[in-house]
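Hi,

Here is the structure I promised to pass on. Have a look at it first, and then read my notes below.

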Amino acid sequence: MRIGYPCINLSIGCKADRKFRLKSYSLQRLINTINNNLRCLKKILEYNTDHSILFFRITSDLIPFASHPICKVNWQKKFTHIFEELGTYIKKHEIRISMHPNQFTLINPIDQKIFRRSLKELRYHTEVLDLLELDSSAKIQIHVGGIYGDKSGSMNRFISRYQKLEETIKQRLVIENDDRGYNLKDCIQIHNVTEIPVLFDSLHHEIKNSGETLTEAFELFTKTWRKKDGLPMVDYSAQQSEQKKGKHAETLDTKHFKHFLRSTSPFDYDLMLEIKDKEQSALKAIKIAKQTKGKQLIPGTISDQP
DNA sequence: AGTTGTCAAGCTAGT
DNA sequence: ACTAGCTTGACAACT
């Protein structure tokens with residue numbers, strides 16, 4: 001098991017997701033920003049490995065406007081060597097990488113234009129992971145998408161669009177259960193037709209499920225990951241107490257997390273902590289996981305998948 | 001320096 | 001009809 005956090009590090013004083021307004025776009029501004037972001041990504045990864053944090057979600061803002069028509073620069077070529085260097089570091093330290101395109105990236109919209117824009121966005125994410133020369137265990141997670149007033153029709157549209165995607169995208173794409181439209185059961189149903197792996201989000205599952213316990217849920221989604229996909233990925237967060245549904249907690253709740261680890265102890269998986277204080281909670285979680293019997297953190301022996 | 005309006009993109013649910 | 005929320009504030013123009 002690896003433990004990690006998404007996109008932003010709050011202790012090291014640089015950000016890999018610097019961006020700017022479309023109105024202030026210039027070639028130089030773009031190049032400067034990409035340089036900053038890639039350099040900072042390296043620093044974050046170094047901080048992480050120094051602290052045994054070996055799972056990280058790379059921000060979608062790494063290359064601003066990458067899929068926008070305004071972006072004419074061949075950033076793939078211009079920054080090849082920096083990507084290669086980053087990729088070498090990631091592989092050397094066995095860091096697990098994921099990306100999560102934003103809510104505008106949709107496979108199943110009725111409007112073809114929205115799908116075409118989303119496709120560009122998926123290509124951009126794929127290119128980043130390809131330039132890092134990472135294998136198919138580096139994943140891009142998205143939700144199933146909209147309902148459009150016809151859930152089964154929209155699921156079928158997801159399936160047929162997915163099946164026609166290029167292999168480079170398909171080998172990295174995974175779907176995540178959400179807290180409104182498509183729960184775990186829906187995702188499993190799509191998996192049964194497409195073989196797409198299902199990434200499990202614990203908070204979304206708490207909010208919207210079909211009655212599965214945590215253990216039952218793990219039995220279902222862990223089976224959707226093949227060997228080439230790597231360990232199953234899990235997004236973990238807890239409800240901010242007394243707050244609105246779905247709001248992420250400010251910091252890791254020790255009690256809730258220990259219970260989560262105990263309930264899922266027969267399984268091996270990589271865990272992404274979606275918690276506001278980012279790496280602080282990751283550090284806390286690693287400490288707790290080390291103390292908890294039955295969890296073996298990488299580096300070290302990895303227990304076989306049940 | 002501090003404040004405030006706005007930001008590429010979509011969808012859903014709640015007001 | 002409008003807005004908050006999503007994975008997440010922060011850029012940029014103003015005082």
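What follows is a short tour of what turned up, from the cysteines to the pocket, the DNA and two polar contacts.

First, some housekeeping. This is a predicted model, so to speak of a local feature I needed pLDDT of at least 70, side-chain atom pairs count only at pLDDT 80 or more, and totals for chains, interfaces and linings use all residues. Residues are numbered from 1 along each chain as its sequence is written, chains are lettered from A and ligands numbered from 1 in the order in which they are written, and side-chain values use heavy atoms, with hydrogens and water left out.

**Cysteines**

A search of the whole structure gives 1 disulfide (a pair of cysteine sulfur atoms within 2.5 Å). The partners are Cys14 and Cys40, with 2.1 Å between their sulfur atoms. The link is right-handed, with 90 degrees about the S-S bond. It ties together distant parts of the chain: Cys14 sits in the loop between strand E1 (3-6) and helix H1 (27-50), while Cys40 is in helix H1, and the two are 26 residues apart. Helices (H or I, at least four residues) and strands (E, at least two) are DSSP runs here, numbered from the N terminus.

Are these two cysteines buried or exposed? Buried means under 20% relative accessible area, exposed over 50%, and partly exposed in between (1.4 Å probe, protein chains only). Cys14 counts as buried because its relative accessibility is 14%, and Cys40 is buried too, with a relative accessible area of 2%. Cys71 is in no disulfide, and the nearest cysteine sulfur, that of Cys7, is 20 Å away. Cys71 is buried at 13% relative accessibility, and Cys187 is buried at 0%.

**The largest pocket**

The largest pocket holds about 1,300 Å³ of space. On a 1 Å grid over the protein atoms alone, a pocket is an open set of points where a 1.4 Å probe fits, with protein on both sides within 12 Å along at least five of seven lines, and lining residues have an atom within 4 Å of a point. Grid points are joined across faces, edges and corners, and the volume is the space filled by probe spheres set on the points.

The lining has 43 residues, and the closest to the pocket centre are Ser60, His100, Pro101, Asn102 and Gln103. Strand E2 (55-58) and helix H4 (112-131) each supply at least two lining residues, and H4 gives the largest share, with 6 residues. By class, the lining has 17 nonpolar, 13 polar and 13 charged residues. For these classes, Ala, Val, Leu, Ile, Met, Phe, Trp, Tyr, Cys and Pro count as nonpolar, Asp, Glu, Lys and Arg as charged, and the others, Gly among them, as polar.

**The DNA**

Which residues are closest to DNA strand C? They are Arg21, Ser24, Arg29, Asn102 and Gln103, out of 20 residues that surround the strand. A residue is near a strand if one of its heavy atoms lies within 4 Å of it. Of the strand C atoms within 4 Å of the protein, 56% belong to sugar or phosphate and the rest to bases. The side chain of Arg29 has an N or O atom 2.6 Å from a phosphate oxygen of strand C; for Lys15 the distance is 3.2 Å, and for a polar side-chain atom of His204 it is 3.1 Å. The surface near strand C has 1 nonpolar, 7 polar and 12 charged residues.

Around DNA strand B there are 17 residues, of which Arg21, Leu22, Phe104, Ile147 and Tyr148 come nearest. Sugar and phosphate make up 41% of the strand B atoms within 4 Å of the protein. Backbone N or O atoms of Leu22 and Ile147 lie 2.5 Å and 2.6 Å, respectively, from a phosphate oxygen of strand B. The side chain of Ser67 has an N or O atom 3.4 Å from a base nitrogen of strand B. That surface has 8 nonpolar, 5 polar and 4 charged residues.

**Two polar contacts**

Glu85 is in helix H3 (residues 80-92) and is partly exposed, at 45% relative accessibility. A polar contact of 3.1 Å joins its side chain to that of Lys42. Such a contact is a pair of N or O atoms within 3.5 Å; within protein, one must be able to donate a hydrogen and the other to accept it, and residues adjacent in sequence count only if both atoms are side-chain atoms. Arg96, in strand E3 (residues 96-99), is buried at 4% relative accessibility, and a polar atom of the Arg96 side chain lies 2.9 Å from the backbone oxygen of Asp229.

Cheers
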